[in-house]
Every structure is written in C-alpha cells, then in structure tokens.
Amino acid sequence: MKTAYTCFCTDVIHDGHLNIINESRKLGRVVVGALSDKALIRFNKFPTISQEERIKLYRSLEGVDEVVIQDDMMYDDVITLVHPDYVVHGDNWKEGPEKAIRDHVEQIIKTYGGEVVDIPYTYNEKVKKIDLQLREKLAMPEYRRKRLRQLLEMTPIVKAMEAHSGLTGLIVEKTVVEHEGKLDQFDAMWISSLCDSTAKGKPDIELVDMTSRFRTIDDITEVTTKPIIFDGDTGGLTEHFVYTVRSLEKMGVSAVIIEDKTGLKKNSLFGTEVEQTQASIEDFSAKIAAGKKAQLTDDFMIIARIESLILERGMEDALERARAFVKAGADGIMIHSRKKDPAEILEFCDKFRSEDPKTPIVVVPSSFNTITESELADHGVNIVIYANQLTRSAFPAMQKTAEDI
Ligand code: SPV
Ligand code: MG
C-alpha cells in the first residue's frame, strides 16, 4: 500500500484539513505530521495549544492512520522516516516563501519516484473565521504578554525588530523570508525610544511622554499579534515607573527594558561624546525592586540595561551591576556597546554566563553588526534586538523621493 504524507501546522481543524485527509485517503495510507513547536515558531505560526495536544487532535481525525512529529519545516526528517509516495499539501504553497519548501520536498522525493500532490486550497467563510479567531486569540493581552517567556523556553535566540507605528508593526509581523533553504522571521517587536521619538521629529531624550509612547503601543497592538519589548528609557522616577509597569502589563506588553542612567538621558550611541550620568547601583536596584513589586502578573519581565561599556566604566563595573540588578529582581540583563568589534560584548556574556547560567541576556548589535545570531547564542545571548534599522532605512529613502519629485 502507498503512503500519503501531509503536514499540519494548525491548532484548529477546519474544512480545508478534512479535505486534505480525504484526498490523501484516495492515494493510500494517511500519515499526518505535527509540526513541532520549534519549527512552528520559525514558520510564523505561534502555537496556542501544546505539541502533545496537537498530536492528540490529529490522531482523533477519521481517516488518519498515523501521526508523527515533524521537526524540520523543510521535511528532511520526515521524508527519511516515512519515505512517502505522496506529499499532499494545499496549493497555496506554490507561491510566496513556502514555495521554497515545496521545491525542496519535490526535489528529494523525486529521487525515489515520490510525487507532490497540490490540493486546491479551501478558503470559505468558516475557514476565514477560524483564521481570524486564532489571530485574535494571539493578539489578546493575556496571550501576547506571556509569549516572550514562552519563546525564551522554545527557541535558541529570540529576534526582535523595532516598530514605531502600525505600519512598521505590520512589517515585523508579516515579514517571512527564505534564507539558506529555511524560512525565517522575527519573533517579537521592540518599541524603540529612538524610533518613536524620531517618528515625531524629536530627540531621544525622554521628551516624548509616556502617554504618547502608550499611544504608539496601542497603534501597534491593534494590527499585530507578536510580543512586545518596550524601551522604557530610564524608567523615570520610581514613583512613576510603578504605574508604567502596570499600564504596560494591562496593554499586553511582555517586557520593559530600563537603562541605568539618571538625569537627562541621551541616546546610547552618543557614548561619552555627550554628558550622561549613570545611576548608582543602589538607586537603580531600588527602581527594579519597586517595579517587580508593582507588577500583577507572573508573565511580565523587567530587564535591566547596563550602560557601563557605553560610558567606558569598564567590564568589572558592568558585571557588578549585572549581579546587583539580578539580585534586585531583574528578569534579564541587556548589555550595550557602541564598539564595532563585538569583543567586549562577548567577554561580558561569557563572564556573566559563567556565574549565572539562566538569566536571559539581551544585546543590540547596531554597531557590532558583523556578528551572527548563532555566534551570539553560542555566547549565551537569548534575545537580539534590531533596534533602529527600519527607521534608519526609511528616512533616507523618503528624503530621496521628496528630492526626486
Ligand atoms: C533605542 O532603540 O531607542 C535604544 C537602542 O535604546 S540604542 O538606540 O542603540 O540606544
Ligand atoms: Mg532607547
């Protein structure tokens, strides 16, 4: 008997999936692959039920003979395991980034006489409604908020891209590319103070107030589902920060990063070219502790950003602060640098990791931009933030268009 294989990456079964099973039954024994959590995330589909629940769901479907886990979104592992005569899929994978997967599968199974079978994609009102309901579920504050912690558990490195408007939020939400034979995407959004200020034509000096920053979050959450890391600048007065924490939690933001500066904050990339003052370890620790005490959910994260390398205060100062801020309750440490060479960042990560194997490390490779995500992950980095690239690329393009016209 021949084997027909189909891969499901859904939490809800609709007419389209049932149609694929029926068509597969006509070809032979039906094996369904459940795409693993890890692969789903890379594929821009965040699971709302567990991998085990998905397997149970697929097993319960009439006409399914076997369910296997598919860990590789390019199908290499399951093709070796199942050796299917047919790989059945909706014909929507003939276009867009998924075409890379189809081409790859076809190339491998052709070598032993296997065939790809494209079934006309089912898109009726019921399917549309289910799609929409799943998206809404991911967008709701209680789901969105916990997603960053879930991602930290499930993926080797979380990739966040800046967003400062509904439109840039949509770009981060929807961008999926094929790279070296795999699909890739961003996991989260960074609401950068620099970009939020720049979009308003203002300097990055905590001049754009929290009410306005929250409005930006609102614009973004209305049209996206991905988790949000908020650039909280210095966090302001501790008495204000405790309110900010609760407001961010309520909006479904997953984390706030606050930097250990005091007085008039300027953008870190100015370094020592402008006057900037680092907060004392005691004062900043007290701010973190107050924020942790104020938060209502266990999901929310307060991440402490250390400016010692930016302000040339040395590695030991950075490490001493990291220890103190974790002790004060920080859920993560962001270490920043404006050097082109990543050496000092990697040295910090290695030293911090040798004493603290767990606390997430965040980096922003704007200056040290030749390093790769996997190199950073090898040094213990958990979150990489592309902090201002959309703004930096859009601004000269708009200026040039204005000049041309
Ligand atoms: C931001 O994006 O506003 C940041 C990161 O704080 S940086 O611009 O590198 O300081
Ligand atoms: Mg900032």
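# Ligand sites, helices and selected residues in a predicted model

At 14% relative accessibility, isoleucine 130 falls under the 20% limit and therefore counts as buried in this predicted model. Isoleucine 130 is part of helix α6, and, once its neighbours within four places in sequence are set aside, its contacts are Val12, Ile13 and His14. Alanine 377, by contrast, lies 247 residues away along the chain, and its C-alpha atom is separated from that of isoleucine 130 by 36 Å.

## Two helices

Helix α6 covers residues 125-139, and its 15 residues reach 21 Å from the first C-alpha to the last, close to the 21 Å expected at 1.5 Å a residue. Along α6 the buried residues are Val127, Ile130, Leu138 and Ala139, and these pack against α1 (15-25) and α7 (141-154). The N-terminal end of α6 is capped by asparagine 124, which places a side-chain oxygen 3.1 Å from the backbone nitrogen of lysine 126.

Helix α12, made up of residues 281-294, has 14 residues and spans 20 Å between its first and last C-alpha atoms, again close to the expected value, here 20 Å. Its buried residues are Ile281, Phe284, Ser285, Lys287, Ile288, Gly291 and Ala294. An α-helix has 3.6 residues a turn, so residues three or four places apart point the same way. The buried residues of α12 pack against two helices, α11 (238-251) and α13 (315-327), and two strands, β11 (255-259) and β14 (301-306).

The loop between α12 and β14 contains threonine 297, whose side chain reaches the backbone nitrogen of phenylalanine 300 at 3.4 Å. Beyond its neighbours within four places in sequence, threonine 297 is in contact with Arg145 and Glu249.

## The ligand and the magnesium ion

Which residues lie around ligand 1? They are Trp190, Ser192, Ser193, Leu194, Asp231, Asn267, Ser268, Leu269, Arg305, His336, Ala387 and Asn388. Polar side-chain atoms from three of these residues approach oxygen atoms of the ligand, as the table sets out.

| Residue | Distance from a polar side-chain atom to an oxygen atom of ligand 1 |
|---|---|
| Aspartate 231 | 2.8 Å |
| Asparagine 267 | 3.0 Å |
| Asparagine 388 | 3.0 Å |

Taken alone, ligand 1 exposes 280 Å², and the protein buries 100% of that area.

The magnesium ion, ligand 2, has as its protein donors Ser193, through OG, and Asp231, through OD, which lie 2.1 to 2.2 Å from the ion. These two donors link distant parts of the chain, since serine 193 belongs to helix α9 (residues 193-199) and aspartate 231 to strand β10 (residues 228-231), 38 residues apart. Serine 193 is buried, with a relative accessible area of 3%, and aspartate 231, at 3% relative accessibility, also counts as buried. Both Ser193 and Asp231 are also listed among the residues around ligand 1.

## Buried residues in a helix and a strand

Leucine 151, in helix α7, is buried, with a relative accessible area of 1%. Apart from its neighbours within four places in sequence, leucine 151 is in contact with Ile41, Phe46, Val158, Asp187 and Pro227. From leucine 151 to alanine 188 the C-alpha to C-alpha distance is 9.3 Å, although the two are 37 residues apart in sequence.

Is lysine 159, in strand β6 (residues 158-162), buried or exposed? At 7% relative accessibility, lysine 159 counts as buried, because the cut-off for that class is under 20%. With its neighbours within four places in sequence left aside, lysine 159 is in contact with Arg42, Asp184, Gln185, Phe186, Asp187, Ala188, Glu373 and Val384.

## Positive phi angles

Most residues other than glycine have a negative phi. Histidine 83, although not a glycine, has a positive phi of about 50 degrees; this residue is found in the loop between α4 (76-82) and β4 (86-90) and is partly exposed, with a relative accessible area of 45%. Aspartate 233, which is likewise not a glycine, also has a positive phi of about 50 degrees. The loop between β10 and α11 holds aspartate 233, and that residue is buried, with a relative accessible area of 5%.

How values were computed: Residues numbered from 1 in each chain as written. Chains lettered and ligands numbered in written order. Predicted model: local features only at pLDDT ≥ 70, side-chain atom pairs only at ≥ 80, totals over all residues. Heavy atoms only, no water. Helix = DSSP H or I, 4+ residues; strand = E, 2+ residues; numbered from the N terminus. Expected span 1.5 Å × (residues − 1). Buried < 20%, exposed > 50% of the residue type's maximum accessible area, 1.4 Å probe, protein only. Contact = heavy atoms within 4.5 Å. Polar contact = N/O pair within 3.5 Å; in protein donor to acceptor, adjacent residues only side chain to side chain. Near = heavy atom within 4 Å. Areas by Shrake-Rupley, 256 points an atom, 1.4 Å probe, with all protein chains shown as cover. Donors = N, O, S within 2.8 Å, 3.2 Å for Na, K, Ca; no water.
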